[in-house]
Amino acid sequence: MTQHFPTRQIRFFLTAPSACPYLPDRFERKVFAHLPLSEGAVVNDSLTQVGFRRSQNIAYRPACEACSACVSARIPVADYSFSRSERKTLTRNSDLDRNIVEAEATIEQFDLLRRYLTARHADGGMAEMTWPDYVAMVEDTAVRTHVIEYRVPAKDGGPGDLVACALVDQMSDGLSLVYSYYDPALPRRSLGSLMILDHIVQAGASNQPYVYLGYWVRGSEKMDYKVRFSPIELLRPGGWALAAARELKAETAGFSNVGRGTVAQRGPGD
């Protein structure tokens, strides 16, 4: 399969089946392409808008033969109205310092990531991530990307403790949250939700229409948080469309009734 871009052809490849990280007794396959160094940002924009995600210099999307649980999700910023609880989350964290930094890995970021993975995803595919792996995740890219650091203010005027981080791509039509992690010892702050809400605020302030969240995986409790934000658009066969809360609830309930003894091939969530 080949897709044409202005000055070059992009070659796509298909992975072999591997165990699904989100749904039991299922397997995933992905179609992927290497992003070109010279036009990586343009190609990444085009592919993200049709359901791909970026990992380093690779763009990928689910390519599963018998499962369609992974659905691309994005938030339309202009129509977003913060709920009472979301406003409380923003207010509760208004003391944090928010800084945009270059996409350069630091030991401080990596230490926070290790604590997050150990507490929240000890059995996940990233649990064994090493320092070189983290450096590659952050720095190996040819697209417009940056890191957002959230810190508790220090009493001595210096940089406070790092409590959350987000690796973010700047798209032509918004912001794409590539990966985020936070201090698991601060549950009251709801830092995972905060980072999404904060990017909705930032996108709105700069007139960017969307915040891309990656894949919502029907039937995966780990990914249900994405569809708690409303309004939200999902990428259907006919294109991006708003999804109603009632529709999402029905889909999730219907998916949970699928027999778990069937082995299917499906795509990843992130």
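**Entry 1: Asn93**

I began with Asn93, which is buried in this predicted model, its relative accessible area being 4%. I then looked up where Asn93 sits in the chain, and found it in the loop between α2 (84–92) and β10 (97–101). For its surroundings I noted that a polar atom of the Asn93 side chain lies 2.8 Å from the backbone oxygen of Thr89. Leaving aside residues up to four places away in sequence, I found that Asn93 touches Arg189, Leu191 and Leu194.

**Entry 2: the open sheet**

Next I traced an open sheet of four strands, whose order I wrote down as β3-β6-β8-β7, with antiparallel pairing. The edges are taken by β3 (13–14) and β7 (53–55), and because each has a single partner strand, one side of each is left without a neighbour in the sheet. I then turned to strand β6 (residues 30–34) and strand β8 (residues 58–62), which run antiparallel and are joined by five bridges. To fix the register for myself, I noted that Val31 stands opposite Arg61 in β8.

**Entry 3: cysteines**

I asked how many disulfides a search of the whole structure finds, and the count came back as zero. A disulfide is a covalent bond between the sulfur atoms of two cysteines, so I looked up the sulfur distances next. For Cys20, the closest cysteine sulfur is in Cys70, and at 6.8 Å it is too far for a bond. For Cys67, the closest cysteine sulfur belongs to Cys64, and the 6.0 Å between them is again too far for a bond. I also checked burial: Cys20 counts as buried at 13% relative accessibility, and Cys67 is buried with a relative accessible area of 13%.

**Entry 4: helix α1**

Is helix α1 (residues 40–48) mostly covered or mostly open? I found it mostly covered, since seven of its nine residues are buried, a residue being counted as such under 20% relative accessible area. The buried residues I listed in α1 are Gly40, Ala41, Val43, Asn44, Asp45, Leu47 and Thr48.

**Entry 5: the nonpolar core**

Last, I looked up the largest nonpolar core, which has 48 residues, and I noted Ile75, Leu113 and Tyr134 as those with the most contacts inside it. I followed Leu113 further and, again not counting residues up to four places away in sequence, found that Leu113 touches Met129, Tyr134, Tyr179 and Tyr181. Tyr134 therefore appears twice in this entry, once among the residues with the most contacts inside the core and once as a residue that Leu113 touches.

Technical notes:
Residues are numbered from 1 along each chain as its sequence is written. This is a predicted model: local features need pLDDT of at least 70, side-chain atom pairs count only at pLDDT 80 or more; totals for chains, interfaces and linings use all residues. Side-chain values use heavy atoms; hydrogens and water are left out. Two strands pair if DSSP finds at least two bridges between them. Helices (H or I, at least four residues) and strands (E, at least two) are DSSP runs, numbered from the N terminus. A disulfide is a pair of cysteine sulfur atoms within 2.5 Å. Buried means under 20% relative accessible area, exposed over 50%, partly exposed in between (1.4 Å probe, protein chains only). A nonpolar core is a set of buried Ala, Val, Leu, Ile, Met, Phe, Trp, Tyr and Cys residues joined through side-chain atoms within 4.5 Å. Contact means heavy atoms within 4.5 Å. A polar contact is a pair of N or O atoms within 3.5 Å; within protein, one must be able to donate a hydrogen and the other to accept it, and residues adjacent in sequence count only if both atoms are side-chain atoms.
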